[in-house]
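Visitor: I should like a close look at a single part of this model, residue by residue, before moving outward to what surrounds it. Please begin wherever you judge best and keep the account connected.

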Amino acid sequence: DRPREIWVDAMCINQEDNDEKNSQVSIMASIYSNATNVCVWLGDEGENSHLAFEFIRRILSLADLDRLVQDIASVQQCAALLDLMRTPWFARRWIVQEIILAKRATVHCGENAMSWTDFADAAVLFGSRVPDIARLFRESVAFRNHADFLGDVRALAACRLVDLTYNLFRRSGEGDLLGQLHTLETLVVMDLPSFKASNPHDTIYAVLSLAKDTYGTEEREVMSSSSDNP
């Protein structure tokens, strides 16, 4: 109902034009940090994605959390949230800067949507109750009493991404970004290797804006960018 400017990676970068890609990559940090909102698109609605979003809203109520992780009836919703957290988007290296630099972000899957902060809080709460949730799966006939259905939840890219949002920048009490904490070398060798890039060059380029010794460089020589680069 009003004019707005929208930057969409698949539409705004010609992946066949290296000069254009180089130009866009050099200003991506500015795009994401100045956007009114960054929209995370996880894809079309899946078979149980609506259950995942419903479950997130329920576990954000701490009064319900203790009951939910003890109730075998919650096991289907636990599995739905796990599926959502395994969505390939979370494992893309380029998305780390998109989320960390965003003033505000929303997560979308089909018609479902919620704020990134709600999703992040739910991921932390979910990860904190793994022993209780694992017991639900062991007791569930529907999941064949699987002893390790959850696997290592803390190792999921979604959980690693949430952790990184708190560990890569200094923040004010209100959550505003105050400055980078790590050098480029540190970023390359820390947890970030768990996030995938199809082009080896993107191992570096995807984190340039997050490093304290490269941020603010006006021009960067970008040799090439991957096909999954925003």
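Guide: Arginine 144 is exposed, its relative accessible area being 77%. The model is a predicted one, and this residue belongs to the loop between H8 and H9, which will be our starting part. The backbone at arginine 144 has a positive phi of about 55°, although the residue is not a glycine. Asparagine 145 lies in the loop between H8 and H9 as well. Here too phi is positive, at about 50°, and asparagine 145 is not a glycine. The side of the account that concerns solvent reads otherwise for asparagine 145: with a relative accessible area of 40%, this residue is partly exposed.

A third position in the loop between H8 and H9 is aspartate 152. Its relative accessible area is 52%, and the cut-off for exposed is over 50%, so aspartate 152 counts as exposed. For a sense of scale, the C-alpha of aspartate 152 is 21 Å from that of leucine 42, a residue 110 places away in sequence.

From the loop we may turn to H8 itself, which spans residues 130-139 and is among the elements that cover the buried residues of H5. The covering set also includes helix H3 (49-59), strand S2 (105-109), H7 and helix H9 (157-167). H5 is thus a natural next stop. Nine of its eleven residues are buried, so the helix is largely enclosed by the rest of the structure. The buried residues of H5 are Val75, Gln77, Cys78, Ala79, Ala80, Leu81, Leu82, Leu84 and Met85.

The surroundings of H5 lead on to the aromatic residues. The whole structure holds seven aromatic pairs. One of them joins phenylalanine 90 to phenylalanine 119 in a stacked arrangement, with 5.3 Å between the ring centres and 10° between the planes. Phenylalanine 90 sits in the loop between helix H5 (75-85) and helix H6 (95-100), while phenylalanine 119 sits in helix H7 (residues 116-128), so the pair ties together parts that are 29 residues apart in sequence. Buried means under 20% relative accessible area; phenylalanine 90, at 0%, therefore counts as buried, and so does phenylalanine 119, at 1%. A further pair, phenylalanine 137 with phenylalanine 143, is edge-to-face: the centres are 5.0 Å apart and the planes make an angle of 85°. Both phenylalanine 137 and phenylalanine 143 are buried. Ring pairs also link Trp89, Phe90, Trp116 and Phe119 into a cluster.

Trp116 from that cluster reappears around strand S2, where threonine 106 is found. Beyond its neighbours within four places in sequence, threonine 106 is in contact with Met114, Ser115 and Trp116, and also with Asn37, Val38, Cys39 and Val40. Threonine 106 has a relative accessibility of 10%, so it counts as buried. Its C-alpha lies 7.2 Å from that of asparagine 37, although 69 residues separate the two along the chain.

Some of those contact partners bring us to the largest pocket, which contains about 810 Å³ of space. Of its 21 lining residues, those closest to the centre are Ile6, Trp7, Asn37, Val38 and Cys39. Helix H2 (18-34) and strand S1 (38-41) are the elements that give two or more residues to this lining. S1 contributes the most, with four residues. By class, the lining is made up of twelve nonpolar, six charged and three polar residues.

Finally, these parts may be set within the whole. The protein has eleven helices and five strands. Its radius of gyration is 19 Å, close to the 17 Å that the globule rule gives for 230 residues, so the protein is as compact as a globular protein of that length. Along the principal axes, the C-alpha atoms fill a box of roughly 55 × 45 × 35 Å. Buried residues account for 46% of the 230 residues. Of the contacts between residues at least 6 apart in sequence, 71% join residues at least 24 apart. Against that background, the loop between H8 and H9 with which we began presents an exposed arginine 144 and an exposed aspartate 152, whereas asparagine 145 is partly exposed.

Notes
Residues numbered from 1 in each chain as written. Predicted model: local features only at pLDDT ≥ 70, side-chain atom pairs only at ≥ 80, totals over all residues. Heavy atoms only, no water. 1 Å grid on protein atoms, 1.4 Å probe; cavity = no way out; pocket = protein on both sides within 12 Å on 5 of 7 lines; lining within 4 Å. Points joined across faces, edges and corners; volume = space filled by probe spheres on them. Nonpolar A, V, L, I, M, F, W, Y, C, P; charged D, E, K, R; others polar. Phe/Tyr/Trp six-rings, centres within 6.5 Å; stacked < 30°, edge-to-face > 60°. Buried < 20%, exposed > 50% of the residue type's maximum accessible area, 1.4 Å probe, protein only. Rg over C-alpha atoms; globule rule 2.2 N^0.38 Å. Contact = heavy atoms within 4.5 Å.
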